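Subject: Structure for you to look at

Hello,

Here is the structure I promised to pass on. Please open it alongside this note; what I found follows below.

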Amino acid sequence: MERKNIWTTYSEQQLQELDSINEKYKACLDAGKTERECVEITIRMAEEAGYRNLKDVQAAGESLKAGDKVYAVNMDKMLALFRIGSEPISSGMNILGAHIDSPRIDVKQNPLYENEGFSYLDTHYYGGIKKYQWVAQPLALHGVVVKKDGTVEKVCIGEEASDPVFVITDLLVHLAQEQLEKKASKVIEGEKLDLLIGNCPLEEVLEAGSDSRKKEQKDAVKANVLRLLKEKYNMDEEDFYSAELEIVPAGKARDCGIDRSMILSYGQDDRVCAFTSLFAMLDVKKAKKTGCCLLVDKEEIGSVGATGMHSRFFENTVAELIAMTEGESELKVRRALSSSRMLSSDVSAAYDPMFAEAFEKRSSAFFANGITFNKFTGSRGKSGSNDANAEYIAALRKAMDDAGVAYQFAELGRVDLGGGGTIAYIMANYGMEVIDSGVAVLNMHAPYEVSSKADVYEAVKGYRAFLKM
Ligand code: MN
Ligand code: MN
């Protein structure tokens, strides 16, 4: 089948829209480097577009009717937006799903220590990373510290030009003969991914009036870090127990290439699908089917836990909506779920000529070829995959073609080489029509991933078309 680079097909007006979408996308990447931050900006944008918190609507004793827009949040890490359609919810929804957690390095619960005059935070990485990629580069610290009285201190250090950044050190090449003989999976090991955060000891004047004599106290560098944390965040060492601090690459999303055709940024898996789904959700004003944009956490570690796709949050929320529109009915909840259609969006592996051996060219996703559909994912003979129904795919092809959306069908790399899963199979358990779709990226899961601006644009167009199906 013919592959077509879509850049040359755009009109001046389309190029303008493409640019404005990508500028908005980059701003969202910069503001949303953790799942909590993504939820925060999503709520802000949704409220600006007239969405209301479902809890507030319920507290006011209101019901819901066609055209109403609500959102529901789960633990500040997962959320769902709904725009009620003119048809009953029990006849099925059009659901856009994507995940907002990204591979990163998490701070442990008892992390702070000092070693030979350096102070470090001990870490445990999150999701699948090539550990050697995360050393010797500027890192930022994002997250929350929750104190016993319930107050939440937000932490974000390393993003402003005037902020300090952090680093995980690597061994100098001059002394790396032995290190460089190791397998890449062992070159940097998990327990060596500790974050360097200080080198200056706390100074303690022994007695007033003594000739500026200072005492080196034990672990004085760590003590100084604690002093600064107290000053800035009113936090004690024990407060690390109830903190969620994530270490991510510092800095902003950038245009990539002299032609500015690509974006280089942290966290594009899977925020490139999450934000484009969100943009489309906020763009589409009217549809027969109830539209939903579902942004979930914990995909990178198996969609487990209270904020992952396996949680009952979504199902429970749909039950609330049914109660508010058609009257409480367990059967109607089941009908709503089983009659729904979903684009389960996640990044796809873009064909990389530098690693051609990992791909089968005819079934690869190419940059600037549009939104990618994967009939199935999985590994070792499609294991663990949702295999989308041919009838559903045919309906999607029609919707995309009718709306002039560029799309391609692909698999994740060469058969027998590995593979991956998404949230598709979980939603498919309800019996709904689900297909994996999304945007192709280069060096997925690296600190900086590359996407094509044209594909970002086509994703938004494709999601809009889907919501109107
Ligand atoms: Mn993903
Ligand atoms: Mn991933």
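The donor residues of the manganese ion (ligand 2) are spaced D-x30-E-x144-H in sequence. Bear in mind that this is a predicted model.

Which atoms hold that ion? The protein donors of the manganese ion (ligand 2) are Asp269 (OD), Glu300 (OE), Glu300 (OE) and His445 (NE2). They lie 2.1 to 2.5 Å from the ion. Glu300 appears twice in that donor list. Asp269 and Glu300 link distant parts of the chain, 31 residues apart. Asp269 sits in helix H6 (residues 268-283). Glu300 sits in the loop between strand E15 (290-296) and helix H7 (313-325). Both Asp269 and Glu300 are buried.

Now the other metal. The manganese ion (ligand 1) takes its protein donors from His99 (NE2), Asp269 (OD), Asp346 (OD) and Asp346 (OD). Their distances from the ion run from 2.1 to 2.6 Å. The sequence spacing of these donor residues is H-x169-D-x76-D. His99 and Asp269 also link distant parts of the chain: His99 is in strand E4 (residues 93-99), Asp269 is in helix H6, and their positions lie 170 residues apart in the numbering. Both His99 and Asp269 are buried.

Which residue bridges the two ions? Asp269 does. The manganese ion (ligand 1) and the manganese ion (ligand 2) lie 3.2 Å apart.

Next, the salt bridges. Side chains of opposite charge can pair when their charged atoms come close. With a cut-off of 4 Å between nitrogen and oxygen, the count comes to 30 salt bridges. I picked out a few.

Arg52 and Glu62 meet through their side chains in a salt bridge (3.0 Å, N to O). Arg52 lies in strand E1 (residues 52-53), and Glu62 lies in the loop between helix H3 (54-59) and strand E2 (69-74), so the pair ties together parts that are 10 residues apart in sequence. Arg52 has 35% relative accessibility and counts as partly exposed. Glu62 is partly exposed too, with a relative accessible area of 36%.

Arg227 and Glu231 form another salt bridge (2.8 Å, N to O). Both lie in helix H5 (residues 220-233), four residues apart, about one turn of the helix. Is Glu231 buried or exposed? At 57% relative accessibility, Glu231 counts as exposed. Arg227 is partly exposed, with a relative accessible area of 36%.

Arg334 forms a salt bridge with Glu330, and the closest N and O atoms are 3.6 Å apart. Both residues are in helix H8 (residues 330-338), four residues apart, about one turn of the helix. Arg334 counts as exposed, at 55% relative accessibility. Elsewhere, salt bridges that share partners join Glu23, Lys26, Asp255, Arg260 and Lys453 into one network.

One last residue: Gly143. Where is it? Gly143 is in strand E7 (residues 139-146). Gly143 counts as buried because its relative accessibility is 12%, and the limit for buried is under 20%. What does Gly143 touch, leaving aside neighbours within four places in sequence? Gly143 is in contact with Glu153, Lys154, Val155, Glu244 and Leu245. The C-alpha atoms of Gly143 and Glu35 are separated by 9.4 Å, with the two residues 108 residues apart along the chain.

Best wishes

Note on methods
Residues are numbered from 1 along each chain as its sequence is written. Chains are lettered from A and ligands numbered from 1 in the order in which they are written. This is a predicted model: local features need pLDDT of at least 70, side-chain atom pairs count only at pLDDT 80 or more; totals for chains, interfaces and linings use all residues. Side-chain values use heavy atoms; hydrogens and water are left out. Helices (H or I, at least four residues) and strands (E, at least two) are DSSP runs, numbered from the N terminus. Buried means under 20% relative accessible area, exposed over 50%, partly exposed in between (1.4 Å probe, protein chains only). Contact means heavy atoms within 4.5 Å. Donors are N, O and S atoms within 2.8 Å of the metal (3.2 Å for Na, K and Ca); water is not among the atoms, so sites may look incomplete.
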